[in-house]
Amino acid sequence: MFEANSYGFLPGRSCHDAIAQCFNHLRQGIRGGDTRVLDAELQGFFDNIAHESILNRIDTFPCGKLIKGWLQAGFIEPENFNPTKTGTPQGGVISPLLANIGLHGARNIHQTK
C-alpha cells in the first residue's frame with residue numbers, strides 16, 4: 001500500500017533493502033538511468049506532521065480510532081497535561097510507521113500544486 005520505494009520499518013523494506021535498491025539504480029545509471037542519491041533531513045518532521053494527513057490515509061483501516069488516540073494522547077510534564085495537536089510520539093515503535101503513512105503519496109500531492 002506504500003510507495004514502491006518507501007523504506008524503513010516495513011516488511012521487506014529495511015535499510016539493507018534501501019541500500020540494495022540504491023545500488024541497483026546507480027548500477028543501471030551507467031546505462032542512462034539514475035546517477036545520484038539524495039539524502040534529506042526533514043527537520044522537525046515528527047514534531048510537526050499533521051494528524052489529518054495520517055488519519056485521512058487510514059480512514060477505512062479497522063484500528064483508525066486507536067491510532068487517532070495514540071496521536072492525540074498528549075504527555076504529562078511535571079504534573080501538567082499537554083495535549084498533542086500535531087506530531088507523532090518520538091522514540092516510539094509506531095512513529096516510523098506513522099511517518100510512512102503521513103508521507104505516502106506526498107510526492108503526488110506536491111506535484112499537483
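Confidence in this predicted model varies by element: helix H6 (residues 106-111) has the lowest mean pLDDT among the elements, 42, while strand S2 (residues 80-82) has the highest, 90. Over residues 107-113 the pLDDT stays under 50, and for this stretch the model has 3 contacts beyond four places in sequence. Where pLDDT is low, the predicted coordinates should not be read in detail. For the protein as a whole, the mean pLDDT is 77, and 82% of the residues reach 70 or more.

**Overall layout**

The protein has 6 helices and 2 strands. Along the sequence they follow the pattern α-α-α-α-β-β-α-α. Of the 113 residues, 19% count as buried. Among contacts between residues at least 6 apart in sequence, 55% join residues at least 24 apart.

**The nonpolar core and helix H4**

Which residues make up the largest nonpolar core? There are 9 of them: Phe 45, Ile 49, Ile 54, Ile 58, Ile 67, Leu 71, Leu 98, Ala 99 and Ile 101. H4 and H5 are the elements that give two or more residues to this core. H5 provides the largest share, 3 residues.

Ile 49, one of the core residues, has contacts that reach several parts of the chain. Setting aside neighbours within four places in sequence, Ile 49 touches Ile 54, Thr 86, Gly 87, Thr 88, Leu 98 and Gly 102. Of these partners, Ile 54 and Leu 98 also belong to the core.

Helix H4 (residues 64-71) has Gly 64, Ile 67 and Leu 71 as its buried residues. These three lie on the same side of H4, because they cover an arc of only 65° around the axis. The spacing fits a general rule: an α-helix has 3.6 residues a turn, so residues three or four places apart point the same way. The cover over the buried residues of H4 includes helix H3 (51-57) and H5.

**Ser 95 in helix H5**

Ser 95 is located in helix H5 (residues 95-103). Is Ser 95 buried or exposed? Its relative accessibility is 2%, so Ser 95 counts as buried, the cut-off being under 20%. Apart from neighbours within four places in sequence, Ser 95 is in contact with Phe 46, Thr 88, Pro 89 and Gln 90. Thr 88 is also among the contacts of Ile 49.

**The aromatic pair**

A search of the whole structure finds 1 aromatic pair. Phe 45 and Phe 46 form this pair, which is edge-to-face, with 5.4 Å centre to centre and 80° between the planes. The two rings belong to residues of unlike exposure: Phe 45 is buried at 18% relative accessible area, whereas Phe 46 counts as partly exposed at 31%. Phe 45 is listed in the largest nonpolar core, and Phe 46 is among the contacts of Ser 95.

**Cysteines and accessibility**

The structure holds 0 disulfides. Cys 15 is exposed, and Cys 22 is partly exposed. The table sets these two cysteines beside the residues discussed above.

| Residue | Relative accessibility | Class |
|---|---|---|
| Ser 95 | 2% | buried |
| Phe 45 | 18% | buried |
| Phe 46 | 31% | partly exposed |
| Cys 22 | 32% | partly exposed |
| Cys 15 | 52% | exposed |

Phe 45, at 18%, falls on the buried side because the limit for that class is under 20%. Cys 15, at 52%, counts as exposed because that class begins over 50%.

Key
Residues are numbered from 1 along each chain as its sequence is written. This is a predicted model: local features need pLDDT of at least 70, side-chain atom pairs count only at pLDDT 80 or more; totals for chains, interfaces and linings use all residues. Side-chain values use heavy atoms; hydrogens and water are left out. Helices (H or I, at least four residues) and strands (E, at least two) are DSSP runs, numbered from the N terminus. Buried means under 20% relative accessible area, exposed over 50%, partly exposed in between (1.4 Å probe, protein chains only). Contact means heavy atoms within 4.5 Å. The arc is that of the directions from the helix axis to the C-beta atoms. pLDDT is the predictor's confidence in each residue, from 0 to 100. A disulfide is a pair of cysteine sulfur atoms within 2.5 Å. Rings of Phe, Tyr and Trp (its six-membered ring) pair if their centres lie within 6.5 Å; planes under 30 degrees apart count as stacked, over 60 as edge-to-face and the rest as tilted. A nonpolar core is a set of buried Ala, Val, Leu, Ile, Met, Phe, Trp, Tyr and Cys residues joined through side-chain atoms within 4.5 Å.
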